[in-house]
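Notebook open, coffee at hand. Today I want to look at how two chains meet, and then at the cysteines.

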Amino acid sequence: MPKDTHLIDLNDIYVDYAGDGVLALENLNLYIRENEFVTLLGPSGCGKSTTLRIIGGFVKPTQGTVRLNGEDITDMPPHKRPVNTVFQKYALFPNMDVFENVAFGLRIAKVPEKEIRERVQKMLDLVGLSKYGDRPVDSLSGGQQQRVAIARALVNEPKVLLLDEPLGALDLKMRRGMQEELKRMHKTLGITFVYVTHDQEEAMTMSDTVVVMNDGIIQQIGTPQDIYNEPKNAFVANFIGESDILPGIMHEPYLVEFDGVKFPCVDKGFETPEVDVVVRPEDIKITTPEAGMIRATIEEVTFMGIHNVILARSENGYLWRIKDTGSWEEGKAVGLVIEPDGIHIMRKPVSEDEMPLEEVEAIEEEGMEDET
Amino acid sequence: MKRKFLASPYIVWMMIFIVVPMLMIVYYAFTQDGSFSVENMVRAFGELPMTALWRSLYMAFISTVICIILGYPAAMCLCSKNLKRKSLILVLYMVPMWMNFLLRTYAWAVILERTGIINTFLASVGLPPQKLLYTDGAVILGMVYNFLPFMIMPIHSSLSKIDPMLIEAAEDLGANRARVFTRVTLPLSFPGIVSGITMVFMPAASTFAISQLMGNNTQQLFGEMVEQQFRTLYNYNYGSALSLVLLALMLLSMAIMRKFDKNGEGAALL
């Protein structure tokens, strides 16, 4: 569990790589507590890797300060920082065997040979590669190379472990296994983890805190539950899960109108009556037309394994996406019920930082293609 | 089968101009007046050719070392991300390569000679003229000048293959710039250095043109001896025997190179 003390503070960070005013990071403020598992989540080009590289010392912010334990380390070169990185493509030294790769940091630090042997062996045991010490790194599988990369970083007992999409190159099954292992390591070692990924599921299952980023700006910081249940804007809602997001009007506190129907809800609303409404597909119940709040016609039913995904067109023409375990016939007239706590009200994008919906969707799709 | 057919002109070419002359050299080396004899081979290992051989190897060794010292930083420059500087340096290295090898060497002879630009300058500031041409130093200068690109190219090729992430990984693990170089960059560029060494050392050890144009005529290099036997003394048998010694030495260094250069970077350039 994370402690209350701040280990890393990023204050008012701006990054302008080319010096042309195009910002990779804009006014980023973030603190990371000791023992915390923080995940930076977002589509490609959102600035999450840049943030990680700032902590590692590979990118110097154009503006702003980086503090570690209160000490300003903004200008400290990477080799002096008590931080180690697990790189996306492992970056193992091809001229050394597994043992020497893991021992690299200790040799640089001039740790006595006997202690190096002990610590490296212990690390190789931890990642399940105890018998692989004398193998050349290119003889290992992707998953094994990833473990070597993790061992190589952890053996130095860093204050913070930075992980840059470490599981991106692994297949799904191996990725699940490594997620479990990383969680276990985080628990047992008591090291702060900063994890970068574009995979929302990975972020949700592993982290104490998720930082959702888009376009160089932090969209929301919170626990996985917060992020999922209380997305702050349309981008977050859309990126975190499949949701229906539609414009609504708050007529009074706890009463919102969307898709031509007034719904009781649990949110008070904001200064302006225009809002965005998020409804998750699993929060919509299908019932008879008479019992429903919205009348709709089922247009399409897709079998997904555990549940069906049903597309239903309402009388007002909105196409609802519903997750339901029942089987429904296409073309059937039904009613849809949404309980008050299934409705989440968000502020409409006001500044240019928060993009309108269509753009968000376009970027999200792009991002997924790029990185998977 | 079709592909093999396409290679046949090249194979024929190789047979006529490489394999046949090789066999002729072996034949000449082991015959005298048409009958088998090891006399020339024994003579090729005599004191005079061996002195010339050692001198050749020594001069080639010095040139190779200088080429590494000059070539490695140059190769690193070429790998740097600074594009402006890179294209300038590339041009500086490439322009002399477009000129004929002998012309380039002549140009140096002109610069270094008694009435050359350097001595003219020395005279103008009141210093006595220096003997620059026809010295070992001039020969080494000629070798370095002519063979330096062959050192830079393979080193550059192996340096540019190093994943920049490896450098970052080393820094991340606590290595400063010097340690990154000794622990990561240098070991990973080692195959390029080995290729460079063979590509400079072998031609430098067998050269005769550079030493004839710029060298001290009283002490011959091995390449000059071979050339002299064929071109002025018409002693094909002894010349072939000397060539065979040189050939054996080259094969030896090729073998050493292959041992170090597992990726075949040098082989691609040869």
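**Entry 1: a buried threonine.** I count two residues as in contact when heavy atoms lie within 4.5 Å. A reminder to myself before going on: this is a predicted model.

With that cut-off I looked up A:Thr85, which sits in strand β6 of chain A, residues 83-86. Which residues is A:Thr85 in contact with, leaving aside its neighbours within four places in sequence? I found A:Phe58, A:Ala153 and A:Leu162 from chain A, and B:Asp172 from chain B. Is A:Thr85 buried or exposed? Its relative accessibility is 6%, so I noted A:Thr85 as buried, the limit being under 20%.

**Entry 2: the interface.** The contact with B:Asp172 sent me to the interface as a whole. I like to start from area here: interface size is often given as the accessible area lost when the parts come together. For chain B and chain A I get about 1800 Å² buried between them, with 61% of it on carbon and sulfur atoms. B:Asp172 turns up again, since together with B:Leu173 and B:Arg183 it supplies 39% of the area that chain B buries against chain A, more than any other three residues. As for residues, the contact takes 23 from chain A and 16 from chain B.

**Entry 3: charges and polar pairs.** How many salt bridges does the rule find across the interface of chain B and chain A? I got one. A:Arg53 forms a salt bridge with B:Glu168, and the closest N and O atoms are 2.7 Å apart. For polar contacts between the two chains, I counted four residue pairs, both residues at pLDDT 80 or more.

Next I asked which elements of chain B give two or more residues to the side that touches chain A. They are α8 (164-172) and α9 (177-206) of chain B. The largest share, seven residues, comes from α8(B). I also sorted the residues on this side of chain B by type: nine are nonpolar, five charged and two polar.

**Entry 4: cysteines.** How many disulfides are there over all chains? By the rule, the count is zero. I wanted to see why for B:Cys67, and the distance settles it: the closest cysteine sulfur, in B:Cys77, is 16 Å away, too far for a bond. B:Cys67 is also buried, at 0% relative accessibility. I checked A:Cys46 as well, and at 1% relative accessibility A:Cys46 counts as buried.

Conventions
Residues are numbered from 1 along each chain as its sequence is written. Chains are lettered from A and ligands numbered from 1 in the order in which they are written. This is a predicted model: local features need pLDDT of at least 70, side-chain atom pairs count only at pLDDT 80 or more; totals for chains, interfaces and linings use all residues. Side-chain values use heavy atoms; hydrogens and water are left out. Buried area is the accessible area (1.4 Å probe) that two parts lose on being put together, summed over both. A salt bridge is a side-chain nitrogen of Lys or Arg within 4 Å of a carboxyl oxygen of Asp or Glu. A polar contact is a pair of N or O atoms within 3.5 Å; within protein, one must be able to donate a hydrogen and the other to accept it, and residues adjacent in sequence count only if both atoms are side-chain atoms. Helices (H or I, at least four residues) and strands (E, at least two) are DSSP runs, numbered from the N terminus. Ala, Val, Leu, Ile, Met, Phe, Trp, Tyr, Cys and Pro count as nonpolar, Asp, Glu, Lys and Arg as charged, and the others, Gly among them, as polar. Buried means under 20% relative accessible area, exposed over 50%, partly exposed in between (1.4 Å probe, protein chains only). A disulfide is a pair of cysteine sulfur atoms within 2.5 Å.
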